[in-house]
2 protein chains.
Amino acid sequence: MIPNTNYNNLKDSYLFYNIAQKINAYLKEHEGTKLYRMGIGDVSLPLCDAAIRALHEGVDDQSKKETFHGYMPECGAPFLRETISGYYQKRGVSLSSEEVFVSSGASDELGDILDIFGKGKIVLIMEPAYPAYVDANVMSGNTIIKLPAGKENGFLPSPSDLEKGISPDVIYICSPNNPTGAVFSKAGLKEWVDFANETEALIIFDAAYEAFISKDAVSADGVALPHSIFEIEGARTCAIEICSLSKTAGFTGTRCGYTAIAKDLKRGGMTINDMWVRNRTTKTNGVSYILQKGAAAIFTDEGQRQIHENIDIYKNNAKVLMEAVDSLGVWYTGGENAPYIWMECPGGLGSWEFFDRLLIEHQVVGTPGEGFGKCGEGYFRFSCFGSPEDTVEAAKRLKSFH
Amino acid sequence: MIPNTNYNNLKDSYLFYNIAQKINAYLKEHEGTKLYRMGIGDVSLPLCDAAIRALHEGVDDQSKKETFHGYMPECGAPFLRETISGYYQKRGVSLSSEEVFVSSGASDELGDILDIFGKGKIVLIMEPAYPAYVDANVMSGNTIIKLPAGKENGFLPSPSDLEKGISPDVIYICSPNNPTGAVFSKAGLKEWVDFANETEALIIFDAAYEAFISKDAVSADGVALPHSIFEIEGARTCAIEICSLSKTAGFTGTRCGYTAIAKDLKRGGMTINDMWVRNRTTKTNGVSYILQKGAAAIFTDEGQRQIHENIDIYKNNAKVLMEAVDSLGVWYTGGENAPYIWMECPGGLGSWEFFDRLLIEHQVVGTPGEGFGKCGEGYFRFSCFGSPEDTVEAAKRLKSFH
């Protein structure tokens, strides 16, 4: 047998490898030097008390015959599906518990969801982008159209930026965005929803960073920023929303997420929610009872209060870094409603030139924008997941950059 | 966009639905009647103490900054990969930790692994079979060849049972088998390994029930029964082994498993281990640290002792049921080295006729063999995962069947 030859078309991503190489080379020459790592995409704060307590309870339940859970329902435990449906309801989004699927996390779901697409699809990916969108579609043999974004549209492209006649089957949107931190307004998102409904495209909406949108955040038109694509009229007939507790609640190493697919979403006469039920019941045996117990605790009042205390720490890191970037007088986006700051490199420097100088002259590490797509050249990403102390010091050093 | 139309070719499995309907109808007429459910495929005993303790420790680690784990390595935590490699080593199987991948369970892995195959493959499935093998391949649009097994080969077909000229790309083998409980001998498995190496096919070996093979179990030739396909010479160049802690350690609702892919396995010039690394790093963010901590405890001496106490309870249930089947004087397989007994229906009854009579006359529930493929007609499956008390009563009632 000849296996899936699409894997031969995957390009190796050297971004994080190159960063590691440069850091190692620097540390070899400057042994013991402390670096301020603002490139990290992983969380650093432990799980909140409510989640820990629920996880312990979940483990205890598995220790006794009376409370032991065997196979879980493949699409999610009813108690968690209902809880998440209620979470949407609080924001005015009406999704039934059968429209919410519990997942092992957004990354897993972004991989698995391609089974629904079928083969030979045209897939639109806005760049700069999370590299896994591209790789998963290369593995499936889909045709990828990259839509480069830039400063001129605040890294938030609209369907009018597409070349005429291009009609993608699938459109990936990540908002708040990784890596740019830019957030679509309701009006901006409505353009994509309308476009998808008109062209019968399917939107994959990655909402992994929704919890970082500030409480009273509004777009330029004074309208509240959307946490969910289902806040937009028409989304029920075109969008799949993939959500995560990784950044919201520090679940990167604990794993649990959810996916919303309205029952109105039909393509080619097929109901996507039914297809996903069939996929889950065939290809999984559900998510761990213990993890679902922990995840449910995040959505209680206590859990929400506690996770927002952590999110506020990260958001304060962002504020500290934004002040530093402000002092450099360069353009940037993100930071306000996202854990990432996406800045223009000062003095017209290239992404890697700025990286080298920050590392060598200031011992600060960030991520060169060029690693997220060609249009990221000349830009740089800072993450806000580091410790407050390191962030304060990194910001101080950044301010002194000239 | 037109989604994956292969989903339209899926057949609904009415097996468990029909069973539920018949039970409900019976209970409606005989309110309050106690049924003895020997059809259940889920475990009933709670997790062992070693796993519970490790899971609690895992949760505690996630509560403190110093011990908190963010993103786990996508292919598995080194501590667990090494532990599983050591578990194989104890049985004389040499697999490096890089040849072992931690998974969310066999069911998930049996779904995900199809990405490696690519499209348009010819897939051989021995029947009676676990229905998900068929459904996952229908979703991919692969061509399925069913190889019916029967009493004449002890439900353990060999390559010589294949029609001449048939050369499958992928061969599914489940041993100990669900639903038949039959176990391949080393010699029987060697035939398939040789066939796969000669024809460049890929074997997917489902070893979910390996822990049920008794300590000193041998096949008719006096040779020990294989727990792993990697006990067979030549397997490193043709097989992927998918394993589970679900039945071994009661993890059906806790979720963790593992997959072994030797680095020697190449097809079409591609190294399957490399492809799986690329798949995992793109399409997952690894398995929960907490669950991996719990899984590792299963492989300690204490954990092994404790899980085998539970397995022995299930194996004793099997013994009780086998005595009853013996007394009916019908042919059967399984039970000795598997948690399933696969019996011929007494008196030449059809699968569903026997089901109806057992339910109505004896209040015992099992699974009609016809539900696992046409060649299962006239056979019946009993599972050994019920409570010892219920099993004893079910056996008593079965004995009185005439």
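B:Leu110 touches B:Ala132, B:Ala136, B:Asp206 and B:Ile242, leaving aside residues up to four places away in sequence. This leucine sits in helix H4 of chain B, and it is buried, with 27 other C-beta atoms within 10 Å. Keep in mind that this is a predicted model. The rest of the briefing goes from that spot to helix H2 of chain B, the contact between the chains, chain A as a whole, and a few backbone details.

**Around B:Leu110**

- One of its partners is B:Ala132; the two are 22 residues apart in sequence, and their C-alpha atoms are 8.2 Å apart in space.
- B:Leu110 counts as buried because it has 27 other C-beta atoms within 10 Å, and the cut-off for buried is 20 or more.
- Helix H4 of chain B, home of B:Leu110, spans residues 106–112 and supplies at least two residues of the side of chain B that touches chain A.

**Helix H2 of chain B**

- H2(B) covers residues 49–61, and at 1.5 Å a residue its 13 residues should span 18 Å; the end C-alpha atoms are 18 Å apart, so expectation and model agree.
- Which residues of H2(B) are buried? They are B:Ala50, B:Ala51, B:Ala54, B:Leu55, B:Gly58 and B:Val59.
- A bit of helix geometry is handy here: an α-helix has 3.6 residues a turn, so residues three or four places apart point the same way.
- The cover over those buried residues comes from both chains: it includes helix H2 (49–61) and helix H10 (289–298) of chain A, along with helix H8 (246–249), helix H10 (289–298) and helix H11 (301–328) of chain B.
- Looking at one of those neighbours, H2(B) packs against H11(B) at an angle of about 130 degrees, with the axes 8 Å apart.
- That angle makes H2(B) oblique to H11(B).
- On the H2(B) side the contact uses B:Asp49, B:Ala50 and B:Ala51, and on the H11(B) side B:Glu302, B:Gly303 and B:Gln306.
- By class, that contact splits into two nonpolar, two polar and two charged residues.

**Where the chains meet**

- How many residues of chain B are in contact with chain A? There are 64, and they meet 64 residues of chain A.
- Several helices of chain B chip in at least two residues each to the side that touches chain A: H2, H4 (106–112), H5 (114–117), H6 (131–139), H9 (272–283) and H10.
- H9(B) gives the most, with five residues.
- That side of chain B has 30 nonpolar, 20 polar and 14 charged residues.

**Chain A overall**

- Chain A has 13 helices and 15 strands.
- Its radius of gyration is 21 Å, close to the 21 Å from the globule rule for 402 residues, so chain A is as compact as a globular protein of that length.
- Along the principal axes, the C-alpha atoms of chain A fill a box of roughly 60 × 55 × 55 Å.
- Of its 402 residues, 54% count as buried.
- Among contacts in chain A with a separation of 6 or more, 73% are between residues 24 or more positions apart.

**H11 and H13 of chain A**

- Helix H11 (residues 301–328) and helix H13 (residues 388–399) of chain A have axes that come within 8 Å and cross at roughly 5 degrees.
- The two helices are therefore roughly parallel to each other.
- From H11(A), the residues involved include A:Ile313, A:Val320, A:Leu321 and A:Ala324; from H13(A), they include A:Pro388, A:Val392, A:Ala395 and A:Leu398.
- By class, this contact has eight nonpolar, four polar and two charged residues.

**Backbone details to look at**

- A cis peptide bond joins A:Glu127 and A:Pro128, with omega about 0 degrees; A:Pro128 is in the loop between strand E3 (122–127) and helix H6 (131–140) of chain A.
- The bond from A:Asn178 to A:Pro179 is cis too, with omega near 15 degrees; A:Pro179 lies in the loop between strand E5 (170–174) and helix H7 (186–199) of chain A.
- A:Glu200 has a positive phi, near 60 degrees, without being a glycine; A:Glu200 sits in the loop between H7 and strand E6 (202–206) of chain A.
- Is A:Glu200 buried or partly exposed? With 15 C-beta neighbours inside 10 Å, A:Glu200 counts as partly exposed.
- In chain B, phi of B:Glu200 is positive as well, near 55 degrees, and B:Glu200 is in the loop between helix H7 (186–199) and strand E6 (202–206).
- B:Glu200 has 15 C-beta neighbours inside 10 Å, so it counts as partly exposed.

Note on methods. Residues are numbered from 1 along each chain as its sequence is written. Chains are lettered from A and ligands numbered from 1 in the order in which they are written. This is a predicted model: local features need pLDDT of at least 70, side-chain atom pairs count only at pLDDT 80 or more; totals for chains, interfaces and linings use all residues. Helices (H or I, at least four residues) and strands (E, at least two) are DSSP runs, numbered from the N terminus. The expected span of a helix is 1.5 Å times one less than its number of residues. A residue is buried if 20 or more other C-beta atoms lie within 10 Å of its own, exposed if 12 or fewer, and partly exposed in between; C-beta atoms are placed from the backbone. Two residues are in contact if their C-beta atoms, placed from the backbone, lie within 7 Å. Ala, Val, Leu, Ile, Met, Phe, Trp, Tyr, Cys and Pro count as nonpolar, Asp, Glu, Lys and Arg as charged, and the others, Gly among them, as polar. The radius of gyration is taken over C-alpha atoms; the globule rule is 2.2 Å times the number of residues to the power 0.38. Axes are lines fitted to C-alpha atoms, for helices over the stretch in contact, and angles run from 0 to 180 degrees between N-to-C directions. Angles under 35 degrees count as roughly parallel, over 145 as roughly antiparallel, 65 to 115 as roughly perpendicular and the rest as oblique.
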